[in-house]
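Student: I should like to learn how to read the helices of a structure that is new to me. May we work through some features, one at a time?

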Amino acid sequence: MTGIRDGVMSVLGKRQDLRFVVIGAGMAGILAGIKLLQAGYRNVMLYEKADRIGGTWRENTYPGLTCDVPSHSYTYSFEPNPDWTRYLPPGAEIQAYFERTTRKYGVDKIIRFNEEIIRCEYQQRQWHLETRSGIRDVADVVVAATGVLHVPRYPAIDGMESFSGDLFHTARWDHSVPLDGRRIGVIGTGSTGVQIVSALSERMQKLVHFQRTPQWIMPVENPFFSEEQKQAFRNDPELLKYMQNEPEYLANVERFNNAIVEPDSPAMHEIEAIVRDNLENSVDDPVLREKLRPNYRAACKRLIYSPDFYQAVQRPAVEVETGAIDRIEPKGVRMKDGTLHELDIIALATGFQADQFMRPMNVTGRGGVQLNDVWAARPRAYMAISIPEFPNLFMLNGPNGPVGNFSLIDIAEHQWHYIEQLIALIDSGKYGEVSASKEALEVFDSERIAAAKRTIFGSGCQSWYLDAEGVPATWPWSQQRFYEAMSQPDYTAYQLVALAEATADSAVSDT
Ligand code: NA7
């Protein structure tokens, strides 16, 4: 199908009047904004529901917030950052990096803040959008960069509203609440709960970590970069580039990803041995050690990288509570065995509804098809990018894409490379509507599901990677296969409606 592509590339730029709307100004939306401006498009608007950019790094500000991808690898490839203070980047530095980058590339000028898109409807060859405040817009192409983990999941625990202290979800951390010397309960043992417990174990009078399921912990060091190192990164672009693509880290990521798709590989057994040794060697008390020992395989849940969690839970102020929670009372958390943990603060580190993507937005595709209906069983998209009957709408970090212990920025950049080739079809003036065909999605999805069940994520544990049927909703193949898939669309998988035809159809529906 290179014929389609060559024809398109030769007429690129014919439709610079194309109107783009990007939904969401987090890492992926900013990327889309930068790339569209760099491509010369001038009719681009980003809508952001909040009053600042940053997505997950804006919403999460809890104590200890850190990315588990090395700082230098957690940047846009075209915008290295010599100033990271540590090997693993603290959340606030990531937020500052995105804010700086947004301004540097002029994307701040094309964002409308405090405007949540609530409706997105395909009519007469264009997307008609509406924000919560009533602003309406029309776009030829919509890029949904709405993030994955943005709708907090609140646990169904009775009595939460009766608590007399402060209770909040970790993505809504209340910084007006004092911490030092007080009593806190942290519910949840995902990356968030683990980072909070590690950060607060020395500051609290008492910290109860409510653990429904223990986690395997991958040890990692998190040293500071010295001033000399940062100066060297500033002075030497080649060194900075090397740090971004540090061969040892990249090799580890590849090995890790291959292990995920081959749970019985030596690489996976090696990971299991490392986390087992970490538990054996780091936790002295045999009773606590058994409390912390998972009964499922390492990396089945998203693997947690922590330099200090095991040290934190062994501090005198910390208690790991493994019993079942009965309810929350004015004074604290009552366990099923009757124990009451008296607390001043309860932090719900209970994760996110990972199947929402661009919802709760109301999205209507060609012929009145509702996204909520199409995704009733579970969210799906061809190559994680395009949904049949939703033409000219492309997703970054959409459903069934790669997730794991690696940089989602890298994933989004590869996805953008793919999406811009679909945009080129529209830009050419030759095609009015571009969306994956139903057949292509069916084939892709059934192969994906079969492979996903065989990954380590499907090896028998509960996690946010699983869909409603318990199948990993992730990219189940190697990283290499993902890069190859993103290098160029297979145009035969797309329903391409010629512009003239699409226009004629819309004229008919106009009458
Ligand atoms: P996760 O990884 O989804 O973890 C949520 C945690 O909350 C997990 O330990 C759950 O236990 C626990 N949970 C949820 N509901 C309850 C109730 N009702 N009672 C007790 N415990 C509960 O969310 P995170 O925010 O930590 O991390 C999300 C991602 O953000 C992370 O993977 C990185 O990609 C960044 P369970 O294991 O289900 O028994």
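Tutor: Let us begin with a term. Two helices count as roughly parallel when the angle between them is under 35 degrees. Please keep in mind that this is a predicted model.

Student: At what angle do H13 and helix H15 pack?

Tutor: Helix H15 comprises residues 479-487. H13 and H15 pack at about 25°, and their axes lie 8 Å apart. H13 and H15 are therefore roughly parallel to each other.

Student: Which residues make the contact?

Tutor: On the side of H13 they are Asp410, Ile411, His414, Gln415, His417, Tyr418 and Gln421. H15 contributes Phe482, Tyr483, Ala485, Met486 and Ser487. By class, the residues of this contact comprise 6 nonpolar, 5 polar and 1 charged.

Student: Is there a general idea behind such spacing along a helix?

Tutor: An α-helix has 3.6 residues a turn, so residues three or four places apart point the same way.

Student: What span does H13 reach, and what span is expected?

Tutor: The expected span rests on a rise of 1.5 Å a residue. Helix H13, residues 408-427, has 20 residues and reaches 27 Å from first C-alpha to last, close to the expected 28 Å. At its start, a side-chain oxygen of Ser407 comes to within 3.1 Å of the backbone nitrogen of Ile409. Just after H13, Gly429 adopts a positive phi of about 85°.

Student: Is H13 mostly covered or mostly uncovered?

Tutor: A residue is called buried when its relative accessible area is under 20%. In H13, 15 of the 20 residues are buried, so the helix is mostly covered.

Student: How many residues of H2 are buried, and what covers them?

Tutor: Helix H2 spans residues 27-38. Of its 12 residues, 10 are buried, so H2 is largely enclosed by the rest of the structure. Among the buried residues are Met27, Ile30, Leu31, Ile34 and Leu37. Their cover includes strands S1, S2 and S7, helix H4, and H13. Just after H2, Gly40 has a positive phi of about 100°.

Student: At what angle do the axes of H6 and H7 cross?

Tutor: Angles of 65 to 115 degrees count as roughly perpendicular. The axes of helix H6 (residues 227-235) and helix H7 (residues 237-244) come within 5 Å and cross at roughly 110°. That makes H6 roughly perpendicular to H7. Ala232, Phe233 and Asn235 of H6 meet Pro237, Leu239, Leu240 and Met243 of H7. The residues of this contact are 6 nonpolar and 1 polar, with no charged residue.

Conventions
Residues numbered from 1 in each chain as written. Predicted model: local features only at pLDDT ≥ 70, side-chain atom pairs only at ≥ 80, totals over all residues. Heavy atoms only, no water. Axes fitted to C-alpha atoms, helices over the stretch in contact; angles between N-to-C directions. Helix = DSSP H or I, 4+ residues; strand = E, 2+ residues; numbered from the N terminus. Parallel < 35°, antiparallel > 145°, perpendicular 65-115°, else oblique. Contact = heavy atoms within 4.5 Å. Nonpolar A, V, L, I, M, F, W, Y, C, P; charged D, E, K, R; others polar. Expected span 1.5 Å × (residues − 1). Buried < 20%, exposed > 50% of the residue type's maximum accessible area, 1.4 Å probe, protein only. Polar contact = N/O pair within 3.5 Å; in protein donor to acceptor, adjacent residues only side chain to side chain.
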